[in-house]
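Colleague: I've got a chain open on my screen and I'd like to talk it through with you. Mind if I fire off some questions?

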Amino acid sequence: LGLDNQAARMSMRMREMAKELRGLSGERARRRAVRRQIAILGSRHAYVTRALLLVYASLFCFVVTSLLYLGSSAGLPPSAPIVTFALAVVLMGVMAIYVLASQRMARTAILIEEGELDALDGAGVRYNARVGLLLRATV
């Protein structure tokens, strides 16, 4: 998915979770889990939004690089396009870091949900998605 689509889906999911939270009355453990997930979702949304802004900023720098290159015959310093190109590459690198951090937070939210499901499961059996097996918890 594109970053703008991810941000929109996170906004929608956050509204759904807030609605669920308002509907929970005495279920303390679930309320706590939903609150933690909402907090993570808010942080992820901020990271994805920053990443999206960095994509547009880097795109702008690439356009400026092209214009500076075309204008180099007009007496501009030959290093000007190199500087704006380097800035665009740095912005893209920072964007990638934000996206990776957002994905890490997504995994944390999933682990919260898995932990809640494990607590509800009295048998101590859970599905390990990483290896695709049912594992029996040993204490």
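Colleague: Let's start with E20: is it buried, exposed or partly exposed?

Modeller: Bear in mind that this is a predicted model. The relative accessibility of E20 comes out at 26%. Buried would need a value under 20% and exposed one over 50%, so E20 counts as partly exposed.

Colleague: Which residue forms a salt bridge with E20?

Modeller: The closest N and O atoms of the pair are 2.8 Å apart, and a salt bridge asks for a nitrogen within 4 Å of a carboxyl oxygen. The pair links distant parts of the chain, with E20 in helix 1 and its partner in helix 2, 10 residues apart. That partner is R30.

Colleague: And R30 itself, buried or exposed?

Modeller: R30 has 13% relative accessibility. The cut-off for buried is under 20%, so R30 counts as buried.

Colleague: How many salt bridges does a search of the whole structure find?

Modeller: Besides R30 with E20, the side chains of R13 and E16 meet in a salt bridge, at 3.4 Å from N to O. For the whole structure, the search gives 2.

Colleague: Why are R13 and E16 separated by about one helical turn?

Modeller: R13 counts as partly exposed at 36% relative accessibility, and E16 counts as partly exposed at 42%. Both sit in helix 1. The separation of about one turn follows because they are 3 residues apart.

Colleague: On to empty space. Which helix gives the most to the lining of the largest pocket?

Modeller: The largest pocket holds about 370 Å³ of space. Helix 1 (3-23), helix 2 (28-70) and helix 3 (80-120) each supply at least two lining residues. With 7 residues, the top contributor is helix 1.

Colleague: How many charged residues are in that lining?

Modeller: The lining of the largest pocket is made of 16 residues, and M10, R13, L41, R44 and A106 lie nearest its centre. R13 also turns up in the salt bridge with E16. By class, the lining has 9 nonpolar and 2 polar residues, and the charged ones number 5.

Colleague: How far apart are the C-alpha atoms of A33 and I112?

Modeller: A33 lies in helix 2 and is buried, with a relative accessible area of 8%. In sequence, A33 and I112 are 79 residues apart. In space, their C-alpha atoms are separated by 6.6 Å.

Colleague: What about the C-alpha separation of R107 and I40?

Modeller: R107 lies in helix 3 and counts as partly exposed at 36% relative accessibility. Along the chain, R107 and I40 are 67 residues apart. Their C-alpha atoms are separated by 10.0 Å.

Colleague: Now the outside: what is the area of the nonpolar surface patch that includes L70?

Modeller: L70 lies in helix 2. At 64% relative accessibility, L70 counts as exposed, since the cut-off is over 50%. Together, Y56, L59, V63, L67, Y69 and L70 make a patch of about 700 Å².

Colleague: Last one, zooming out: what pattern does the chain follow along the sequence?

Modeller: Of the 139 residues of the protein chain, 27% count as buried. There are 3 helices and 2 strands. Read along the sequence, the pattern is α-α-α-β-β.

Methods:
Residues numbered from 1 in each chain as written. Predicted model: local features only at pLDDT ≥ 70, side-chain atom pairs only at ≥ 80, totals over all residues. Heavy atoms only, no water. 1 Å grid on protein atoms, 1.4 Å probe; cavity = no way out; pocket = protein on both sides within 12 Å on 5 of 7 lines; lining within 4 Å. Points joined across faces, edges and corners; volume = space filled by probe spheres on them. Helix = DSSP H or I, 4+ residues; strand = E, 2+ residues; numbered from the N terminus. Nonpolar A, V, L, I, M, F, W, Y, C, P; charged D, E, K, R; others polar. Patch = residues over 30% accessible without salt bridge, like charges linked within 9 Å, V, L, I, M, F, W, Y side chains within 5 Å. Areas by Shrake-Rupley, 256 points an atom, 1.4 Å probe, with all protein chains shown as cover. Buried < 20%, exposed > 50% of the residue type's maximum accessible area, 1.4 Å probe, protein only.
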